[in-house]
Amino acid sequence: MEPPPPLEQPPRPRSHTVTTTSSSFTANLSASSSTLAYDREFLRTPPGLLMVAEIVLGLLVWTLIAGTEYFLYPAFGWVMFVAVFYWVLTVFFLIIYMTMTYTRIPQVPWTTVVNTSTRCCFGFAGL
């Protein structure tokens, strides 16, 4: 037996419907992990307020030390270094916390890093 001949189908009419999709830019921006967030509310929390107070008082400390003749005494030079170093470090951490960068680098134990460096510098200052 021979197979039956193929049936011819009539041509289908072409559809003129165009389907498009769009998305909101802000929805993609908030869902993206590559954008920097800015946490304005951090400055209203107790750690944020303490950090701002530390920046203001640290600026006062190293300004007062710089106003003396600290270069005549080696101990004052070390105090000046510690004051300026930790003031800059505090500004750095304020920027990290306000931009929420710490959430993108979870491998770094931030509390341990800060506490260890503080203990080392003030431990050496006490010697």
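User: Which loop holds Met 100?
Analyst: This is a predicted model, where local features need pLDDT of at least 70, side-chain atom pairs count only at pLDDT 80 or more, and totals for chains, interfaces and linings use all residues. Residues are numbered from 1 along each chain as its sequence is written, and side-chain values use heavy atoms, leaving out hydrogens and water. Helices here are DSSP runs (H or I, at least four residues), numbered from the N terminus. Met 100 sits in the loop between helix H3 (74–98) and helix H4 (110–126).

User: What is the phi of Met 100?
Analyst: Most residues other than glycine have a negative phi. Met 100 has a positive one, near 55 degrees.

User: Which residues of H2 are buried?
Analyst: Take buried as under 20% relative accessible area and exposed as over 50%, with partly exposed in between (1.4 Å probe, protein chains only). Seen down the H2 axis, the buried residues fall within an arc of 110 degrees (from the directions from the helix axis to the C-beta atoms), so they line one face. They are Gly 48, Met 51, Ile 55, Gly 58 and Ile 65.

User: And which exposed residues are on the face of H2 turned away from its buried side?
Analyst: What covers the buried residues includes H3. The face turned away carries the exposed residues Pro 46, Leu 50, Val 56, Leu 57 and Leu 64.

User: How far apart are the end C-alpha atoms of residues 48–65?
Analyst: UniProt (unreviewed entry) places a "transmembrane region" at residues 48–65; such annotations may be inferred rather than shown by experiment. The span is 100% helix and 0% strand, and its end C-alpha atoms lie 26 Å apart.

Methods
Helix = DSSP H or I, 4+ residues; strand = E, 2+ residues; numbered from the N terminus. Contact = heavy atoms within 4.5 Å.
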